[in-house]
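This report concerns charged side-chain pairs and unusual backbone geometry. The sequence and the coordinates are shown first.

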Amino acid sequence: MKRWGFLLAAALLLGIGGAYYRFRLPQVERLDPSGFEPGGTILIRGRNFGADRRTSFVSLDGSPLSSSSYEKWSDGSIEVSIPFSVDSGLLRVATPFGRSNPAILIANSKLPKAVKAEASGAANPRILSLSAKEAEIGSLLEISGINFGLNMQFSALRFSRNPGTLEASGQSAMAALEGGAAQDFIEVTHKDGLFERWDDKRIGVRVPEGAGSGVLTVLTPHGESPPFPYSIRQGSGSKYLFAPAVYSLQYEIKVNLASPAKDDYVLVYAPDPVSSGSQSLKEVQEESPEAYFRNYGSSTVFRVTPPAEPQENQGRRNAETIIR
């Protein structure tokens with residue numbers, strides 16, 4: 001019995017000692033401020049740091065701070081200055097009882113910053129920068145900005161055309177645009193196969209044939225971005241088209257209407273011809289019937305009204321319409 005009593009007492013003492021050890025471990029609760037400037041000071045808030053520093057210390061990524069770094073030390077807070085060489089790391093407080101939990105220390109320069117759109121047109125796309133001041137035909141151009149959208153199916157890029165009415169410099173192009181001269185452009189859509197990336201903040205596109213120094217805009221269903229100047233490197237190649245060809249496109253639509261009403265009509269979505277650097281669509285010379293709605297994605301919408309028929313034949317009728 002005496003032996004078991006001794007063992008029980010020893011176990012209780014060990015348990016109490018273990019609980020006391022865990023209770024006295026230093027704990028870091030937060031850092032003020034969360035982001036710091038190199039050479040500035042931060043305040044470490046927590047508990048069990050000890051009333052005096054003595055042999056305790058603060059470490060960054062396992063390396064103790066120098067003695068001159070400590071401004072204040074108390075059981076609930078420590079104020080230290082951060083060396084200029086530090087931009088981020090794991091911070092711990094070490095005391096004779098052990099090491100604290102880690103806290104992440106990050107410089108303000110490393111913290112992400114949200115891009116704020118202008119309040120007057122928050123949904124409109126806006127170009128902020130280009131990956132190159134001078135691009136070459138066929139080279140990859142990275143466009144950074146905001147509000148490009150996640151789907152390029154109904155969006156496009158517009159490059160100033162070469163040769164066009166714009167001068168070579170981007171500033172001259174901007175002036176010409178404000179004066180109403182920059183109307184000649186190349187529109188690049190997903191059908192051209194030139195996009196390598198498209199998300200809300202970044203577009204990767206191959207510079208199309210026929211593009212010249214001038215301005216670039218992003219066109220989305222929410223609107224068109226303000227023009228952004230760019231340059232095409234001289235000697236990178238150009239393409240001139242002579243003797244333009246005229247083509248006639250015709251769609252024949254047959255629709256059967258059962259029990260038609262007086263004001264029946266059908267909406268027809270006809271795909272637009274592709275306009276690119278290798279196939280430049282300058283203008284539509286004639287169109288019949290007149291378009292009901294243009295630029296719906298890559299289509300034009302026509303409103304077709306069935307032809308009138310005698311009363312006795314209106315039980316079922318065919319609408320045959322040719323769209324040219």
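Is Asp200 exposed, partly exposed or buried? Asp200 counts as partly exposed, at 26% relative accessibility; buried means under 20% relative accessible area, exposed over 50%, and partly exposed in between (1.4 Å probe, protein chains only). The structure is a predicted model, in which local features need pLDDT of at least 70 and side-chain atom pairs count only at pLDDT 80 or more, while totals for chains, interfaces and linings use all residues. Residues are numbered from 1 along each chain as its sequence is written, and side-chain values use heavy atoms, with hydrogens and water left out.

**Salt bridges**

Nine salt bridges are found when the whole structure is searched; the term denotes a side-chain nitrogen of Lys or Arg within 4 Å of a carboxyl oxygen of Asp or Glu. Three of the pairs are tabulated here, among them the one formed by Asp200.

| Pair | N to O distance |
|---|---|
| Arg30 and Asp32 | 3.4 Å |
| Glu196 and Arg206 | 2.8 Å |
| Asp200 and Lys201 | 4.0 Å |

The pair of Glu196 and Arg206 forms a salt bridge at 2.8 Å. This pair links distant parts of the chain, with Glu196 in strand β16 (residues 195–198) and Arg206 in strand β17 (residues 202–206), 10 residues apart. Strands (E, at least two residues) are DSSP runs, numbered from the N terminus. Arg206 is partly exposed, its relative accessible area being 29%. Lys201, the partner of Asp200, likewise counts as partly exposed, at 47% relative accessibility.

Arg30 and Asp32 belong to a network of salt bridges that also includes Arg45. Within this network, Arg30 is partly exposed at 44% relative accessibility, and Asp32 is partly exposed with a relative accessible area of 27%.

**Backbone geometry**

Most residues other than glycine have a negative phi, and most peptide bonds are trans. Asp32 takes part in a cis peptide bond with Pro33, for which omega is about -5°. Pro33 is placed in the loop between β1 (27–32) and β2 (35–36).

Two residues that are not glycine have a positive phi: Arg54, at about 45°, and Asp61, at about 50°. Arg54 is located in the loop between β3 (41–47) and β4 (57–60) and counts as exposed, at 72% relative accessibility. The loop that follows β4 and precedes β5 (63–64) holds Asp61, which is exposed at 53% relative accessibility.

Terms used: Helices (H or I, at least four residues) and strands (E, at least two) are DSSP runs, numbered from the N terminus.
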